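These are my notebook entries on a structure that was new to me. I set down what I looked up, in the order in which I looked it up.

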Amino acid sequence: MNADAAQYSFDKLHYFFRKADYARWHRQESKRHILRSQLGFGDITPSRPKACVGCIHYHGVAYGYSREARTTLICGYHPYGWENEGNCPDWQDTIPDDKC
């Protein structure tokens, strides 16, 4: 067996190991997705703070793997939302006035 044939055999074997590893990972992710939907992760609707309604900077996506560890990122300026009284000083309309 020459060196090229040995390398080809190694590459083929490596491909099959990677393919099996990906299939295992995909099955596990599918099970996690099903589990999350059964636990009610799909039922949770984020509540937009009043100061953020209509703001272009609003993000509102929750990050974390468990319900206890999830944190919602409101925006880049105020990660936990505008907590003071009054309007947010960084608020910008989603539709600029000149486009109306």
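The entries below go from the whole chain to single residues.

**Entry 1. The model and its outline**

I noted at the outset that this is a predicted model. I then looked up the secondary structure and found 1 helix and 2 strands in the chain. Along the sequence, I read their pattern as α-β-β. Helix 1 covers residues 3-38, strand 1 covers residues 61-63, and strand 2 covers 71-73.

**Entry 2. Burial, surface and contacts of the chain**

I asked what share of the residues counts as buried. The value is 12% of the 100 residues of the chain. For the accessible surface of the chain I recorded about 8700 Å², with 55% of that surface belonging to carbon and sulfur atoms. I also looked up contacts with a separation of 6 or more, and residues 24 or more positions apart account for 38% of them.

**Entry 3. Salt bridges in the helix**

I searched for salt bridges and the count came to 2. In one of them, the side chains of arginine 24 and aspartate 21 meet at 3.0 Å, N to O. I located both residues in helix 1, where they lie 3 residues apart, about one turn of the helix. Arginine 24 has a relative accessible area of 48% and is therefore partly exposed. Aspartate 21 is partly exposed as well, at 45% relative accessibility.

I then turned to the bridge between glutamate 29 and arginine 32, whose side chains meet at 2.9 Å, N to O. Glutamate 29 and arginine 32 are separated by about one helical turn, because they are 3 residues apart in helix 1. Glutamate 29 counts as partly exposed because its relative accessibility is 27%. For arginine 32 I recorded a relative accessible area of 37%, which is again partly exposed.

**Entry 4. A nonpolar patch on the surface**

Which residues form a nonpolar patch on the surface? I found Val61, Tyr63 and Leu73, which together have about 240 Å² of accessible area. I looked more closely at tyrosine 63, which is found in strand 1. Its relative accessibility is 44%, so tyrosine 63 counts as partly exposed.

**Entry 5. The cavity**

I searched the whole structure for cavities of 30 Å³ or more, and the search finds 1. Rolling a probe the size of a water molecule over the atoms shows where empty space is left. About 70 Å³ of space lies in the largest cavity. I wrote down the residues that line it: Ala51, Cys52, Cys55, His57, Tyr58, Cys75, Tyr77, His78, Trp82, Cys88, Asp90 and Trp91. The next two entries follow some of these residues.

**Entry 6. Tyrosine 58 and histidine 78**

Tyrosine 58, one of the lining residues, has its place in the loop between helix 1 and strand 1. Is tyrosine 58 buried or exposed? I recorded it as buried, because its relative accessible area is 17% and the cut-off for buried is under 20%. I also checked its distance to proline 79: the two residues are 21 residues apart in sequence and 9.6 Å apart in space, C-alpha to C-alpha.

Histidine 78, which also lines the cavity, is found in the segment after strand 2. At 17% relative accessibility, I entered histidine 78 as buried. Leaving out residues up to four places away in sequence, histidine 78 touches Cys88 and Asp90. Both Cys88 and Asp90 appear in the lining of the largest cavity.

**Entry 7. Tryptophan 82 and proline 89**

I placed tryptophan 82, another lining residue, in the segment after strand 2. Apart from its neighbours within four places in sequence, tryptophan 82 is in contact with Ala51, Asn87, Cys88 and Pro89. I noted that tryptophan 82 and lysine 50 are 32 residues apart along the chain, while their C-alpha atoms are separated by 8.9 Å.

Proline 89 is likewise in the segment after strand 2. I entered proline 89 as exposed, because its relative accessible area is 60%. Between proline 89 and alanine 51 I counted 38 residues in sequence and found 9.8 Å in space, C-alpha to C-alpha.

Note on methods. Residues are numbered from 1 along each chain as its sequence is written. This is a predicted model: local features need pLDDT of at least 70, side-chain atom pairs count only at pLDDT 80 or more; totals for chains, interfaces and linings use all residues. Side-chain values use heavy atoms; hydrogens and water are left out. Patches are made of residues with over 30% relative accessible area and no salt bridge: like charges are joined within 9 Å, nonpolar side chains (Val, Leu, Ile, Met, Phe, Trp, Tyr) within 5 Å. Accessible areas come from the Shrake-Rupley method with a 1.4 Å probe; for residues, only the protein chains shown count as cover. A salt bridge is a side-chain nitrogen of Lys or Arg within 4 Å of a carboxyl oxygen of Asp or Glu. Helices (H or I, at least four residues) and strands (E, at least two) are DSSP runs, numbered from the N terminus. Buried means under 20% relative accessible area, exposed over 50%, partly exposed in between (1.4 Å probe, protein chains only). Contact means heavy atoms within 4.5 Å. On a 1 Å grid over the protein atoms alone, a cavity is a set of points where a 1.4 Å probe fits but cannot get out, and a pocket is an open set with protein on both sides within 12 Å along at least five of seven lines; lining residues have an atom within 4 Å of a point. Grid points are joined across faces, edges and corners, and a volume is the space filled by probe spheres set on the points.
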